[in-house]
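Trainee: I'm new to this one, could you walk me through it?
Mentor: Gladly, have a look at it here.
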Amino acid sequence: MDLGSINPVLLIASLMVAATPILLAAIGELVVEKAGVLNLGVEGMMIVGAVSGFAISVETGSPFLGFVAAAVGGALLSTLFILLTQVALANQVASGLALTLFGLGLSALMGQKYVGIKPPPTGDIHIPLLSDVPVLGPILFTHDVVLYVGIAIVAAVWAILKFTRAGLILRAVGESHDAAHALGYKVVRIRILAILFGGACAGLGGAYISLVRVPQWTEGMTAGVGWIALALVVFASWKPWRVLLGAYLFGGITVLQLNLQAAGVAIPVEYLAMSPYLITILVLVILSKDKSSAPASLGRIFHASR
Amino acid sequence: MTAPLLCLQGLTKAYPGVIANNNVSFDIGKGQVHALLGENGAGKSTLVKMIYGLVKPDSGSMLLNGVPYAPSEPRAARADGIAMVFQHFSLFDALNVAENIALGMENPPKMGDLAKRIRDVSETYGLPLDPYRRVGDLSAGERQRVEIIRCLLQDPRLLIMDEPTSVLTPQEVNILFETLRKLRSEGTAILYISHKLEEIRALCDHATVLRLGENVGECIPAETSARDMAELMVGTGLKTPERSGRALGDVALDISGLSVPAPSEFGTGLKNLHLTVRKGEVLGVGGVAGNGQDELLAVLSGEVRSASDAVKLHGKPIGNLGPTDRRRLGVLSAPEERLGHAAAPDMSLTENAMLTGSVRENLVRRGFLKWRQAQAFAERIIEDFDVRTPGPGNAARSLSGGNLQKFVIGREILQRPEVLVVNQPTWGVDASAAAAIRQAMLDLAADGAAVICISQDLDELMEISDRFAALNEGRLSTPQDTAELTIEEIGLMMGGAHGMEVAHV
């Protein structure tokens, strides 16, 4: 056992990388759920985003175009969910599960050509001066752009939900769609936009896995991250900064347990592997013991005639 | 009267299978309080939804100040100075007062300024309100203030109020009427929808009566008797329930020192209740919604259990028994929520009859259902209580509110209860059906059952109950003989003032 081989600076830097896919998917789902829609298809949208991003960046050689394609791919898959739940008024839980299964199959088909290829590297930006600061520099200021975009999205979602009229209307629709409709707000349109945003975020998160975290494509490579993101939204009590906290906690423990495994700690691997799930859920459950609760219309189907 | 503010001409709206409004025409004058009267399903709601732009008329037209007016959506209606206070409040529980009001405005000012304006307007009209309180924590009366202030901030020319007093205490009603009179004196027209005739007589200048979607007459409420208006609404003579003089028997249900914690975050706990009901007696329990009515029903039906001594039937403790055991002993109940609590919406009437009737009507043998007997039981309910439905095979959801209510109450009464507990037995039920339900409860009491009727309709409680008690924040006032009570005293009991103390509202 050699705990000395774990470098805390590298550990923290890599936990931010490990957390970003979950963070992106969860913040998208948070917006969707705030609008009163429960989309269980996060995993499916992530994996479709992962394969679309991978394919486009391999074909074009541009990771940037890859991430754009991933967002578009995730959003496109979410239009299927929109058709089912907002137009055909199907059950959201069943539609979301179907979306995940469909996404997993579709991505396997789309990615057949790309197994075993390396994507073009996504460069890290080195912010001058700041990245030279000891300890903090390598931790905070030497990452790729998408990681910062993820944090920026969290901040933006928080500010928009809290301070703007658009955010107020979104929350109102999620709280009581009937009342929002009675006041003349376009419930379905607002929800469609929210679902598209959620799809795009999930797609970005998926591509972050296939282009940055594990730069390659394998079938089913999101490996349940979408489900963790879904759980994270609930345990974070639908609060953006808690989603960030939860994602980093989860990412941190994931990276730490990998390091511990490598260092040969005498705890069975299975326990280490399950620890991120257990600890994240435990911490967030304790945090969520306050008054906040789910959006009141979450998962309910809206029909204008009633 | 000068030119009318809003002129409705031949408005017609049909839904599949039903004509909601047929060629309705009338005028609303400036600064007039205009009542729109009618039973449930007479088409009042559809009519105001057309005025407010939520529903488009199939034919007919409207003139606002002489100019054609056809709002495509509520926004357009609001822009033209028409505001509406909804029957079921269109508020968002998780948001605060200011946020709720901002949602109803086209161009809301900054939150700080808005909060100040809310304070100003609420003081001016005598409706005090804190802009930063969460709406979920407000009482029904306060919630209504939020809606009214939301409308007033837009300086409406016409204010539509859909059944505004159904959730208020008498004192709150008086405050509301003061506000409305003040608005009228400032030239705002008010379209006031209600089926409470005495209120309309006290407040309104003019009334239009709808029946089955048609305008069947207009009148000046102050010069017309409530009975005449009711008969115009119903179309036939109205029967008032009769109380036959009956002797009270022994104590049937005895509740002493009953306390139950609040079952949920938004519920109300019951605090040290004392109550006895005798055979043949109808006890009325009044109070504003959310003061423990649902919890009281749950404790009596057995859904929520208490200390076994706290509830006694004929002297035997039953507080720890569940609903099925209590049914076996003859304690039956009909909760307020018809769909989802009293009846399973997507199950047939036969199945619903079986759900509560299986014990007392012997509809189950060794775990197997006796379908034929269950169907006969359902048919008997439909027959005896005049439930309008094609047959017992129809889903509970397909019945109108009044018909389902008759079914739900009838189902319990036909099981020959010794103690019957009902919550809001005639809520949302039209006048003739309500009279039938009340009569059935009185008949049941005359046959020696003890009846506890929880209701927010004071007229109903005055009409049928022998004694009256009020629930306030989970506490029950001492029951008093109804005959000796005045409406003012009842209002004070509902407000929690148990003595001579004057309520400051």
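Mentor: We will talk about the chain contact, some strands and the nonpolar cores.

Mentor: This is a predicted model, in which local features need pLDDT of at least 70 and side-chain atom pairs count only at pLDDT 80 or more, while totals for chains, interfaces and linings use all residues. Residues are numbered from 1 along each chain as its sequence is written, with chains lettered from A and ligands numbered from 1 in the order in which they are written.

Trainee: How many residues of chain A are in contact with chain B?
Mentor: There are 11 from chain A, in contact with 15 residues of chain B, where contact asks for C-beta atoms, placed from the backbone, within 7 Å.

Trainee: And which element gives the largest share of that side of chain A?
Mentor: That is H7(A), with 5 residues; helices here are DSSP runs of H or I with at least four residues, strands are E runs of at least two, and both are numbered from the N terminus.

Trainee: Switching to strands, what stands opposite B:Asp254?
Mentor: B:Thr276 in S12(B) does, and so does B:Lys312 in S14(B). Strand S11 of chain B runs antiparallel to S12, joined by 6 bridges, and S11(B) also pairs with S14 in the antiparallel sense over 3 bridges, pairing being at least two DSSP bridges between two strands.

Trainee: What about B:Ile160, what is that in contact with?
Mentor: Leaving aside neighbours within four places in sequence, its contacts include B:Val48, B:Tyr52 and B:Leu191.

Note on methods: Two residues are in contact if their C-beta atoms, placed from the backbone, lie within 7 Å.
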